[in-house]
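Readers meeting this structure for the first time may wish to be led through it step by step. The paragraphs below follow that plan.

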Amino acid sequence: MSIAHSNAVNPLGHPENLPTNPAWKRGKGKRPSELLPDATLVKWLRDMYLIREFENRTAQAYQAAKIGGFCHLYIGQEAAAVGTIQSLEHDDPIVTAYRDHGHALARGMSVEACMAEMYGKITGCAKGKGGSMHMFDKPNWLFGGHGIVGAQTPLGTGLAFASRYEWEVMKRSVTGGPAKKKVSLAYLGDGALNQGALHEAMNLAGLWNIPVIYVVENNGYSMGTAIHRGTTMSEDLTKKADAYGILGAIIDGFDVIDCYDHFKPIVDWCRENQKPAFVDLKTYRYLGHSMSDPQKYRTKEEVEQFKGKDSIDRLASHLMTERKKADGSFVLSEQAFMQLQTDVKEEVRHGIELAEAAPVPDLSELYTDVLLNPMPNMSPMGEYTHGVKNPLL
Amino acid sequence: MPILWAMPRTEKQLQDGLTLVEAINEALAQEMTRDARVVCLGEDVGFNGGVFRVTDGLQKQFGKDRVIDTPLAESGIMGTAIGLAIGGMRPVPEIQFEGFLGPAHDQLVNHAARFRTRTRSAITVPLTVRVPWGGGIHAPELHSDSPEAIYTHLPGMKVVCPSTPTDAKGLLLAAIRDPDPVIFFEPKRVYRSYREQVPEGDYEIEIGKAKVIQEGTDLTVVTWGANVFQCLEALDALPEDISVELIDLRTINPMDKDAIINSVQKTGRCVVVQEAPKTAGMASEIATIVMEHCFLHLKCPVQRVCGFDTMMPYYKLELDYLPDAKRIAEAIEQTMAY
Ligand SMILES: Cc1ncc(C[n+]2csc(CCOP(=O)(O)OP(=O)(O)O)c2C)c(N)n1
Ligand SMILES: [Mg+2]
């Protein structure tokens with residue numbers, strides 16, 4: 001069977017077997033997170049705390065005018081990136097929009113590379129040429145960081161097409177070694193739901209069984225527009241998936257354990273069956289859309305309500321008061337949590353220090369990295385000459 | 001009958017004048033008061049007043065049916081605006097940054113630009129697309145570009161790029177009343193950079209007419225948009241004995257060729273300044289026009305001062321990319337010394 005083969009009829013199979021109804025929810029077996037080593041959950045806590053600390057320091061640096069451009073912070077949404085990325089293999093490709101620091105860090109980008117990028121320094125992940133919205137990390141399978149809302153979603157479809165092509169057609173990986181069954185994630189905001197690109201991408205994925213998961217990081221707002229003011233069927237976004245024959249699910253992306261327990265079965269199913277999915281991941285951003293947003297469109301009470309069930313607090317208290325090790329003691333002691341915070345703070349401080357010390361790209365960098373063989377006249381400076389004067393004049 | 005301005009000017013505005021943002025806002029308010037067919041639409045243009053607050057207060061004055069918050073959907077916004085226009089309205093969609101014209105591009109060039117020709121002028125598209133344009137505000141690529149040449153190269157759209165509050169108001173009023181699609185590029189760098197006294201009443205500035213900002217006899221500088229101010233700065237720095245004529249094109253398409261030709265025939269020298277990349281931009285076109293019409297008057301080749309043939313860099317290198325007074329002055333002196 002070829003990949004680009006219409007899958008228009010009965011695409012999903014029997015509802016009993018769908019990962020939206022995983023065994024643990026039917027009372028059979030344990031939740032996926034219960035099967036994980038305790039240390040893994042502590043690592044999640046560390047990842048989320050790292051993002052939070054990083055973003056707090058980013059805000060400070062922005063206010064001190066050390067970061068330019070636009071800056072969209074991830075504070076509040078940490079569980080979404082960590083819960084979904086932890087459900088993947090490391091070499092499953094991901095692509096996201098401009099609110100991308102969290103994904104970059106959760107994927108393993110160093111604090112230095114991420115911060116230096118925003119500082120416009122040569123040690124940044126894109127040589128300091130992209131800034132906040134353009135986090136790329138090829139070794140960690142992060143394909144950006146994209147500024148045009150929604151335009152990244154077909155890229156996710158293409159990344160997933162490539163890995164299915166490796167698996168089924170080439171039967172080997174283009175990076176060497178055997179092919180694997182992979183899943184790609186294409187993150188998008190709720191505002192991006194209204195862009196045509198997403199709908200074309202979803203139709204292709206549904207039509208051809210492309211193993212991509214569209215993860216809507218639904219924080220309820222597209223800049224100042226609340227989701228119900230801009231998007232139809234916002235009370236049940238899975239209807240959008242239905243229209244393309246794609247599996248749809250609504251998941252709490254504010255609680256990392258819940259997120260993982262619901263998302264992991266979907267990833268497994270998409271990988272196994274090489275099919276797409278669409279997830280409405282409910283989350284919330286604590287700060288404004290970008291660093292300059294007076295937030296007239298929402299109330300302080302609303303923000304406080306979400307802060308009251310903060311994902312980091314929740315996981316910390318779960319590990320300190322609920323989840324027990326084999327010996328019966330809690331997984332995380334208060335002291336260990338303090339130590340974790342101290343370590344993360346130090347890691348971030350050190351990364352920022354390196355970013356601060358790094359040099360700005362040389363002026364010659366302006367005309368590198370455009371094409372393999374750029375035209376020699378890219379620089380408008382230093383090259384202009386009027387040529388030879390006509391001797392007859 | 002006197003026209004009732006929906007919003008009187010504030011004390012500060014009366015005293016110090018208007019910024020470019022306020023001048024555009026006033027033009028919109030006045031035209032919406034005058035003409036019920038005018039509607040503004042775009043992402044967060046209503047309740048929030050737009051990303052640059054250009055439409056601030058308009059939804060309060062004119063209601064949600066006339067200042068419309070849309071979903072995040074440029075293709076839909078542009079296509080709907082074109083539909084409104086051919087349906088008899090005078091839509092003024094806002095695209096938040098020039099980089100987001102991408103999704104709207106298809107609608108603009110394949111529909112808006114072609115209706116008049118396809119229908120042999122039976123149907124035209126009175127559409128005014130407002131787009132914050134250009135660099136200089138520390139924004140990254142997609143938020144700092146200058147795509148005026150693209151929309152000029154593709155026939156069927158007028159392209160306007162004012163540099164001052166007074167020109168912005170008069171050109172916007174003319175654009176909204178124009179029967180054809182106008183892309184109205186607003187130089188972000190000038191948005192709030194200064195105030196000037198702007199006529200309170202109704203006035204139009206003709207689309208397609210350049211402005212001679214300063215008369216001179218030795219050399220012609222042609223520019224538009226925010227670069228007008230870097231050129232003025234460069235002129236200040238030049239030796240007294242160089243007499244430069246500075247032309248602000250104001251409209252990119254249709255271009256005021258006569259203004260350029262007349263000036264260069266007089267001065268015999270020409271420097272063109274643009275923010276956009278050098279290759280195949282408007283400066284190239286202007287150099288060719290000068291070549292075609294002023295060849296025998298030219299004392300030396302035309303010189304271009306432009307951005308690089310690369311993506312707009314992130315802010316640390318932004319000011320190296322954009323033409324500045326130093327580069328412009330150098331080009332002028334080099335041309336004079338030829
Ligand atoms: C095509 C396009 N149009 C408009 C914008 C400007 N813009 C940037 S982010 C944004 C809101 C997006 O909201 P959402 O998708 O919900 O993501 P969130 O910011 O909530 O993460 C808008 C309108 C853009 N970057 N690209
Ligand atoms: Mg959102």
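**A guided reading of the two chains**

The structure shown is a predicted model. Among contacts in chain B between residues at least 6 apart in sequence, 80% join residues at least 24 apart. For chain A, the corresponding share of contacts joining residues at least 24 apart is 74%.

Chain B contains 13 helices and 12 strands. Its radius of gyration is 20 Å, close to the 20 Å that the globule rule gives for 338 residues, so chain B is as compact as a globular protein of that length. Taken along the principal axes, its C-alpha atoms fill a box of roughly 60 × 50 × 45 Å. Of the 338 residues of chain B, 57% count as buried.

Chain A comes to 12 helices and seven strands. For its 393 residues, a compact globule would have a radius of gyration near 21 Å, and the 23 Å of chain A agrees with this. The C-alpha trace of chain A spans about 95 × 55 × 45 Å along its principal axes, and 48% of the 393 residues count as buried.

Within chain A, helix 1 covers residues 38–63. At 1.5 Å a residue, its 26 residues should span 38 Å, and its end C-alpha atoms are 38 Å apart, which agrees. Just after this helix comes A:Ala65, in the loop between helix 1 and helix 2 of chain A. Most residues other than glycine have a negative phi, and most peptide bonds are trans. The phi of A:Ala65, however, is positive, near 60°, in a residue other than glycine. Is this residue buried or exposed? With 9 C-beta neighbours inside 10 Å, A:Ala65 counts as exposed.

On the other side of that loop is helix 2 of chain A, which comprises residues 78–85. Eight of its eight residues are buried, so helix 2 of chain A is largely enclosed by the rest of the structure. Among these buried residues are A:Glu78, A:Val82 and A:Ile85.

Another residue to consider in chain A is A:Glu117, located in helix 4 (residues 111–119). It has 30 C-beta neighbours inside 10 Å and therefore counts as buried. Leaving aside neighbours within four places in sequence, the contacts of A:Glu117 include A:Gly124, A:Cys125, A:Gly131 and A:Met135. A:Leu50 is 67 residues from A:Glu117 along the chain, and the C-alpha atoms of the two are separated by 17 Å.

Helix 6 of chain A, residues 196–208, invites a similar reading. Its 13 residues should span 18 Å at 1.5 Å a residue, and the end C-alpha atoms are 19 Å apart, which agrees. The buried residues in helix 6 of chain A are A:Ala197, A:Leu198, A:Ala201, A:Met202, A:Ala205 and A:Gly206. They cover an arc of only 160° around the axis, which puts them on the same side of helix 6 of chain A. What covers these buried residues includes helix 5 (153–170), strand 2 (184–189), strand 3 (212–218) and strand 7 (277–282) of chain A. Helix 6 of chain A is followed by A:Asn209, whose phi is positive, near 55°.

Chain B has backbone features of its own to examine. B:Arg53, although not a glycine, has a positive phi of about 60°. This residue lies in the loop between strand 1 (38–42) and helix 3 (58–62) of chain B. With 15 C-beta neighbours inside 10 Å, B:Arg53 counts as partly exposed. Elsewhere in chain B, a cis peptide bond joins B:Asn253 and B:Pro254, with omega about 0°. B:Pro254 is found in the loop between strand 10 (251–253) and helix 10 (257–267) of chain B.

How do the two chains meet? In all, 41 residues of chain A are in contact with 36 residues of chain B. On the side of chain A that touches chain B, the residues divide into 18 nonpolar, 20 polar and three charged.

Which residues are the closest to ligand 1? They are A:Val149, A:Gly189, A:Gly191, A:Ser222 and B:Phe100, out of 20 residues that surround the ligand. Residues from chains A and B surround ligand 1, so the site is shared between chains. By class, the shell around ligand 1 has eight nonpolar, eight polar and four charged residues.

Terms used: Residues numbered from 1 in each chain as written. Chains lettered and ligands numbered in written order. Predicted model: local features only at pLDDT ≥ 70, side-chain atom pairs only at ≥ 80, totals over all residues. Helix = DSSP H or I, 4+ residues; strand = E, 2+ residues; numbered from the N terminus. Rg over C-alpha atoms; globule rule 2.2 N^0.38 Å. Buried ≥ 20, exposed ≤ 12 C-beta atoms within 10 Å, placed from the backbone. Contact = placed C-beta atoms within 7 Å. Expected span 1.5 Å × (residues − 1). Near = placed C-beta within 6 Å. Nonpolar A, V, L, I, M, F, W, Y, C, P; charged D, E, K, R; others polar. Arc of directions from axis to C-beta.
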